[in-house]
Every structure is written in C-alpha cells, then in structure tokens.
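Reader: Hi! Could you walk me through this one?
Author: Happy to, here it comes.

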Amino acid sequence: MRAVVFEQPGRPHDVVTVRDVPSPAPDQGQVLIRVVARPIQPADFLFIGGRYRIKPAFPQVAGLEGAGTIVSCGSGVTHLKSGERVAFRSPGAWAEFAVAPVSRVYPVPPGISDEAASQFALNPLTAWGLLAECNLPTSSRILITAGRSIVACLLAELARHRGLETTLLVRDGAGYSALDGRNGQVIANGTNVAGTLQNSGRNGCFHAILDSVGGTNSLALIDALEPRGRLISYGILDDSDIVLKASRILYKNMIWQGFGIDGWLDNATQKQLEMAQRELWEILSSNPNLLPVIDRFDLSRIHEAIRATHDARKPGKVLLASNE
Ligand SMILES: NC(=O)c1ccc[n+]([C@@H]2O[C@H](COP(=O)([O-])OP(=O)(O)OC[C@H]3O[C@@H](n4cnc5c(N)ncnc54)[C@H](OP(=O)(O)O)[C@@H]3O)[C@@H](O)[C@H]2O)c1
C-alpha cells in the first residue's frame, strides 16, 4: 500500500516520503480500515518532529487520525463489523490502510461527510473533554485562547449549548483582541495579552481558561482567573519557558491542569464517551462548518499539502483525501 513514511524526526517537508509499504494486519482488539480522508493537524507536525507525547517507531507511517471503512476485525472485536464507516485515531493514518484499537474507533452516523468524520477523533472530542474537565454551572465565564482555532470554535459552540459566557482571545496584527464568544464582536484590543484582558473589563473574572498557546502569556492568564479558577493547558503553540513564583498560583487558590486527549480518553467513563459522541455528531450534522476544509490532496502530493497547511490564512484543515 502507499503510505507517507518518515525514517527520522525532523521538519515534515524534509523527512517525509511517499512509498509502498506492507499493509498492516489487525491484532487482537484492533480493526483494519481502508482510509479515505486524513486531516493535517498541528499534532502531526509535532509527531513527525519527535515532539509529541506519542513517539515514532521508525520507519514510521505519519498521521494520527482519519476516516474510512472497516475491512476486517481482529480477534475479540464484537461491536464493530466489516463495511462500517468509522472515524479513528491511531498512528499510521497517512496511508491507504491503517489499524486502530477499538477504543479509538467511532462509528460515523449517516449524513456526516467523510471529510468531517476524518477530523472527529481529535478536535471535537478534545473540546468536549475540556469542558467536561471544567464541569462549570450555567452562566460561568470562560476564556479560550487561540480563539480562531478549530478547537476554540468547537469549544465556543459547546459552551453556548451549556449556557456558558465565552470570551475568545485572538492574535490580531501586531497585538491581540478579545472577542465575545456569542457573536465574534470585538470587545477590546491591546498590544499584549495582559493589556487586552485588562481593556476587556473581564480580567480577574474567568472561572476557567482553556489555553492552547502556553509561553510567558500564561502569567497574564493566571491573573485573569477568578480566585479558585482553573487554567487548563492543552497546547504548546508557544512552548517557551515560563518563570513563575509559586505565590502567583497560591494566592489565587487556583488549579493549573494539563490536558492530553489520550490520557483523557483512557480515563473517561463509558457514559461520558457515549454522551460525547452523541452530542458531537448532532452538533456536527447541524453545523458542518465547524470543521472547515481548506484544500484536499492525494497522498502522493504530501509535500504540496504540507506547504498548503503552512500557508493557510483562514481557519480550517488541509486533508489528505483518496478521491481528490
Ligand atoms: N491536548 C490535546 O489533546 C489537543 C487536542 C487537539 C488539539 N490540541 C492543540 O490545540 C491547538 C489548536 O488546534 P487546532 O487544530 O484547533 O489549531 P488550528 O485550527 O490549526 O489553529 C491554530 C490557531 O493557533 C493560533 N496560534 C498559533 N500560534 C500562536 C501563538 N503563538 N499565539 C497565539 N495564537 C497562536 C493561530 O492563530 P493565527 O491565525 O494568529 O496564526 C490559529 O488560529 C493546537 O496547539 C493543538 O496541538 C491539543
């Protein structure tokens, strides 16, 4: 089968090649999937660079999620069957066939496109898991950084369903803006994160902050929390060092929590997983624009696809699709 392979960690454009490799076989508790669509995510670049929590085993087929049709099931698989359309998360997705453990395979309801389904196993489940961790009552105030990211847009939609008040923090030109999560209207501008939050009139008022950026701006986020608030770090768009006095956290009685989707999925209850799938598929079927697609490329055009991902100037994902 054709696959996008890398033999060493590095910059994606430099280290990936397309070549023929043996098709994988499903082990116990796994299914074999004929893959039709795979998004290119920030996590894929971290994985290829050797900077992700899942480490490559060389030669490694790239890609961490996708959608397709089950071709065969390994022993012990009872609730999935050949021919079923599924979304999945498992290393090796950027290939014609991939295996995935049943715990990371999600049946796709009719009416959901392959393109949307291919993005289900990471960003939508992450947004749902993040709000589950916050466990906030209606009318609580949340702040979401990298506010134009796909996860942020999913979070804002789920938060709206839960009656939460959402503020989105975005980079704008040389500075930052705070947006009202209900309508995207600008509430405040500033040259830096601290100043923007100060100008928003909401500084010190947030019950939870969901941050995918990190870096030194984390200090301004801590200050933006209400006492006893919760800061969840779930991304490393800026992974620079932070210098922090313990008093900054201590005097707030706050919680600073890390979130990784695999750790969350491994510890989620069956009820949570069922609720997450039901609610997310419903939201995605009534609002497919939550998972926009910028462009599509065949696996053989991986280098063009990587370039298109880097050059993207609007929210959305570049897909590696089997039927261009
Ligand atoms: N922990 C987990 O399990 C988990 C799961 C899913 C996603 N994530 C993480 O969540 C983040 C968002 O993912 P996504 O797929 O939604 O991203 P995305 O759609 O590709 O969007 C990335 C956004 O991040 C913004 N950004 C990049 N660098 C930034 C910086 N230094 N400061 C402020 N904003 C910055 C970009 O803003 P501009 O438009 O200004 O460039 C863009 O809007 C990623 O870091 C991803 O790795 C984590």
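Author: One definition to start with: two residues are in contact if their C-beta atoms, placed from the backbone, lie within 7 Å. Also, please keep in mind that this is a predicted model.

Reader: Thanks! So how many residues of domain 1 are in contact with domain 2?
Author: Four residues of domain 1 are in contact with four residues of domain 2. On the side of domain 1 that touches domain 2, two residues are nonpolar, two are charged and no residue is polar.

Reader: And where are the bounds of domain 1 and domain 2?
Author: Domain 1 covers 2-119 + 291-321, while domain 2 covers 124-263. Their C-alpha centres lie 29 Å apart.

Reader: On to the ligand. Which residues are the closest?
Author: Those are Ser149, Arg171, Ser212, Gly235 and Ile261, out of 22 residues that surround the ligand. By type, the shell divides into 12 nonpolar, seven polar and three charged residues.

Reader: Which domains does the shell draw on?
Author: Domain 1 and domain 2 each give at least three residues to the shell around the ligand.

Reader: Nice. Which helices supply at least two residues each?
Author: Helix H2 (42-48), helix H4 (123-134) and helix H5 (150-161) each do so.

Reader: Zooming out, why would one call the radius of gyration in line with a compact globule?
Author: Because a compact globule of 324 residues would have a radius of gyration near 20 Å, and the protein chain has 20 Å. Its C-alpha trace spans about 55 × 40 × 35 Å along the principal axes.

Reader: What about secondary structure?
Author: The protein chain has 11 helices and 17 strands, and 41% of its 324 residues count as buried.

How values were computed:
Residues are numbered from 1 along each chain as its sequence is written. This is a predicted model: local features need pLDDT of at least 70, side-chain atom pairs count only at pLDDT 80 or more; totals for chains, interfaces and linings use all residues. Domain bounds come from an automatic or database domain assignment. Ala, Val, Leu, Ile, Met, Phe, Trp, Tyr, Cys and Pro count as nonpolar, Asp, Glu, Lys and Arg as charged, and the others, Gly among them, as polar. A residue is near a molecule or strand if its C-beta atom, placed from the backbone, lies within 6 Å of it. Helices (H or I, at least four residues) and strands (E, at least two) are DSSP runs, numbered from the N terminus. The radius of gyration is taken over C-alpha atoms; the globule rule is 2.2 Å times the number of residues to the power 0.38. A residue is buried if 20 or more other C-beta atoms lie within 10 Å of its own, exposed if 12 or fewer, and partly exposed in between; C-beta atoms are placed from the backbone.
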